[in-house]
Every structure is written in C-alpha cells, then in structure tokens.
Amino acid sequence: MAGRASGAPRMVRGSVVTHRRRCGKPTCRCAGGQELHESTVLSYSERGRTRFVMLPPGEVAVVRAAVERYRAAQAKLDAQAEAGRAALIERINADRGTR
Ligand SMILES: [Zn+2]
C-alpha cells in the first residue's frame, strides 16, 4: 500500500472535475437516477482523446494543487516564450533597418 501524499507529483496536467452519474452498482442510492453518484476525476487529454482517472478522496487536494502548479508554471513559460518572440521580431526588424 503506497503512501498517499508521499509520491504526489509536483505538477499534473489536466483538470479536476466532479462527475455526477450512476456508478453502476445496482444497490447504490444513485441507481434510481434521482440522486446521482459524485466522483471527482482528473480529466486530461492524451493523443487528442479526453480521458478520466478517478481520484480517491485522499488524492483530490494534492492533485488539485499539482494542477494549479502546472497552470502557473505554464503561464509563466508562455509569457517568457511570447517575450522571446517579441524580442526576436524586434531584433530582425532593427537589423533590416540598419542594412
Ligand atoms: Zn453510486
């Protein structure tokens, strides 16, 4: 039995979403379709397909935090890459002007 948080990844790509549906157990309260079963999943895309992985309750908070860290890191990376492109274009235009 692996420790829950011990192997938690620092970053996870995807989003944590709550699904409401029948879980499939005929004896469950959700079977009637009135009171649907809630499950928290990690939704992610892989090779163009959306996939889900069920999150045990003990994993939800750590996965949410890891998803947030990924979003923040990605936003920062995107900003750097945009600045890089702007600087490149500026340099190319300046070179053209002095030739
Ligand atoms: Zn159920």
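Me: Before anything else, what makes a residue count as exposed here?
Reply: A residue is exposed if 12 or fewer other C-beta atoms lie within 10 Å of its own. For buried, the cut-off is 20 or more. Keep in mind that this is a predicted model.

Me: OK, try that on Arg47. Buried or exposed?
Reply: Exposed. Arg47 has 5 C-beta neighbours inside 10 Å, so it falls under the exposed cut-off.

Me: Where is Arg47?
Reply: In the loop between β2 and β3. Those two strands form a hairpin with two residues between them.

Me: What about its phi?
Reply: Arg47 has a positive phi of about 50°, although it is not a glycine.

Me: What do most residues do there?
Reply: Most residues other than glycine have a negative phi.

Me: Switching to the sheet. What's the strand order?
Reply: The order is β1-β2-β3. It is an open sheet of three strands, with antiparallel pairing.

Me: Which strands are at the edges?
Reply: β1, residues 15-21, and β3, residues 49-54. Each of these pairs on one side only.

Me: And how are neighbouring strands turned against each other?
Reply: By 45° on average, with direction ignored.

Me: What holds strands together, generally?
Reply: Strands of a sheet pair through backbone hydrogen bonds.

Me: How many bridges between β1 and β2?
Reply: Seven, in the antiparallel sense. Strand β2 covers residues 37-46.

Me: Which residues face each other there? Start with Ser15.
Reply: The bridge partner of Ser15 is Ser43 in β2. Arg20 stands opposite Glu38, also in β2.

Me: Now β2 and β3. How many bridges?
Reply: Six, and the pairing is antiparallel. One residue pair to look at is Tyr44, which stands opposite Arg51 in β3.

Me: New topic: Val12. Where is it?
Reply: Val12 is in the segment before β1.

Me: Buried or exposed?
Reply: Buried. Val12 has 20 C-beta neighbours inside 10 Å, and the cut-off is 20 or more, so it counts as buried.

Me: What does Val12 touch?
Reply: Leu42, Val63, Ala66, Val67 and Tyr70. That list leaves out residues up to four places away in sequence. Leu42 falls within the 37-46 range of β2.

Me: And how far apart are the C-alpha atoms of Val12 and Arg71?
Reply: They are separated by 8.9 Å. Along the chain, Val12 and Arg71 are 59 residues apart.

Me: Remind me how Arg47 and Val12 come out?
Reply: Arg47, in its loop, counts as exposed. Val12, before β1, counts as buried.

Methods: Residues numbered from 1 in each chain as written. Predicted model: local features only at pLDDT ≥ 70, side-chain atom pairs only at ≥ 80, totals over all residues. Pairing = 2+ DSSP bridges. Helix = DSSP H or I, 4+ residues; strand = E, 2+ residues; numbered from the N terminus. Axes fitted to C-alpha atoms, helices over the stretch in contact; angles between N-to-C directions. Contact = placed C-beta atoms within 7 Å.
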